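Let's take a walk through this protein together, looking at how its side chains pair up. Have the sequence and the 3D view ready.

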Amino acid sequence: MTTTLYPGAIRGVHFYGDTFQGDLMDPNTLALHTTEGTSVVSYRDGRDAPNITALPNFKTKKFDVYQHFLLNRSARALVNQPGGVETNTLNVVQLELVGTCDPKRKHTWGKLKAGVHYIYWPDAPEWAYDALAELIAWMHLNLGIPLRGPSEWPAYPSSYGATSARMTFAEWTAFKGICGHLHAPENAHGDPGNIPFGRILAKAKVIVAGSKKPPSGGGSTPAPKPKPSPPPFPGRDKFGPGKKNKYVQQLGERLVAKGFGKRYRVGPSETWGEADRLNVRDFQASRKELRGDADGMPGPLTWKLLFS
């Protein structure tokens, strides 16, 4: 059975499911929006509301989550043309992130300062990406939404309108995973812009991996499992400019899991880049065993400590 309520979500006057019940659905997609504002709004008294709104809380460095519709009922934040492809009603949970993707507001918005009073999502504080990753991980664990999504997240305003990132009707109907408003057909909006989706997704996967526990059984208490040994170091020749292989991606994902992925703008991949070198250098600088050789190039000791 689909979980219909997000734990701890605020409802009250912000819940519109009694007015607009929506269609029943079996969620398999999460669509990310940005509100292009700094607070929770009424969405025209629910007429344009998503399923939930995530308001960044700068004191707790978490989200205050507002729920507007049940998670197994269609929301209303996408354009849905008569006679066209289904958007709102096609098994899509919709999430509005309070903040902006407009580069005109990258640093300030009137008297407000980005990262202090509001979130500029393409360059948000790391805690905001952590909070989003936690929410995405919950959606996967409780609704089964796959941890995958499009590779193309163009920057606003080039993300607006008909772009190569916008899905065709057939692509939208077949899609299962996490996407943005900018990917939805019949829509022109370009939010949430060029958020570092790969980085956020990698964080969510780490959370999910840590949440899955083996089933408990009867009998005596099992012996503790031995700590897994680090995978064998593949060799220095696998890393550096021009290198592309599975070990580069394995390294990047481990850096993210250890909290040293802030240099990635998109996320780890099989292609070595300057972000990989800088993240490795940051990790090396954090370990006294490696500080004398923090050049950003992984050697056997860097690899062993990173995977320990």
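What follows covers the cysteines and then the salt bridges.

Keep in mind from the start that this is a predicted model. A good place to begin is with the cysteines. A disulfide is a covalent bond between the sulfur atoms of two cysteines. How many disulfides does the count come to here? The count is zero. C101 takes part in no disulfide, and the nearest cysteine sulfur to its own, that of C179, is 14 Å away. Looking from the other side, the sulfur closest to that of C179 belongs to C101, and at 14 Å the two are too far apart for a bond. The cut-off for a pair of sulfur atoms is 2.5 Å. Are these cysteines buried or exposed? C101 counts as buried because its relative accessibility is 1%, and C179 is buried as well, with a relative accessible area of 0%. Both values fall under the 20% that marks a buried residue.

Now for the charged side chains. The model has nine salt bridges, and a few of them are worth visiting one by one.

Start at E134, which forms a salt bridge with K62; their closest N and O atoms are 3.2 Å apart. Where do these partners sit? E134 belongs to helix α1, residues 126-143, while K62 is in strand β3, residues 62-67, so this pair ties together parts that are 72 residues apart in sequence. E134 is partly exposed, at 36% relative accessibility, and K62 is also partly exposed, at 39%.

Helix α1 takes part in another such link. K203 forms a salt bridge with E126, with 3.0 Å between the closest N and O atoms. This pair, too, connects distant parts of the chain: K203 is in helix α3, residues 197-211, and E126 is in helix α1, 77 residues apart. The two partners differ in their surroundings, since K203 is buried, with a relative accessible area of 14%, whereas E126 counts as partly exposed at 28%.

For a local pairing, turn to helix α5, residues 274-286, which holds both R277 and E274. Their side chains meet in a salt bridge, 2.7 Å from N to O. The two residues are three positions apart, about one turn of the helix. R277 is partly exposed at 22% relative accessibility, and E274 is partly exposed at 45%. Elsewhere, salt bridges that share partners join E126, D130, R199 and K203 into one network.

Terms used
Residues are numbered from 1 along each chain as its sequence is written. This is a predicted model: local features need pLDDT of at least 70, side-chain atom pairs count only at pLDDT 80 or more; totals for chains, interfaces and linings use all residues. Side-chain values use heavy atoms; hydrogens and water are left out. Buried means under 20% relative accessible area, exposed over 50%, partly exposed in between (1.4 Å probe, protein chains only). A salt bridge is a side-chain nitrogen of Lys or Arg within 4 Å of a carboxyl oxygen of Asp or Glu. Helices (H or I, at least four residues) and strands (E, at least two) are DSSP runs, numbered from the N terminus.
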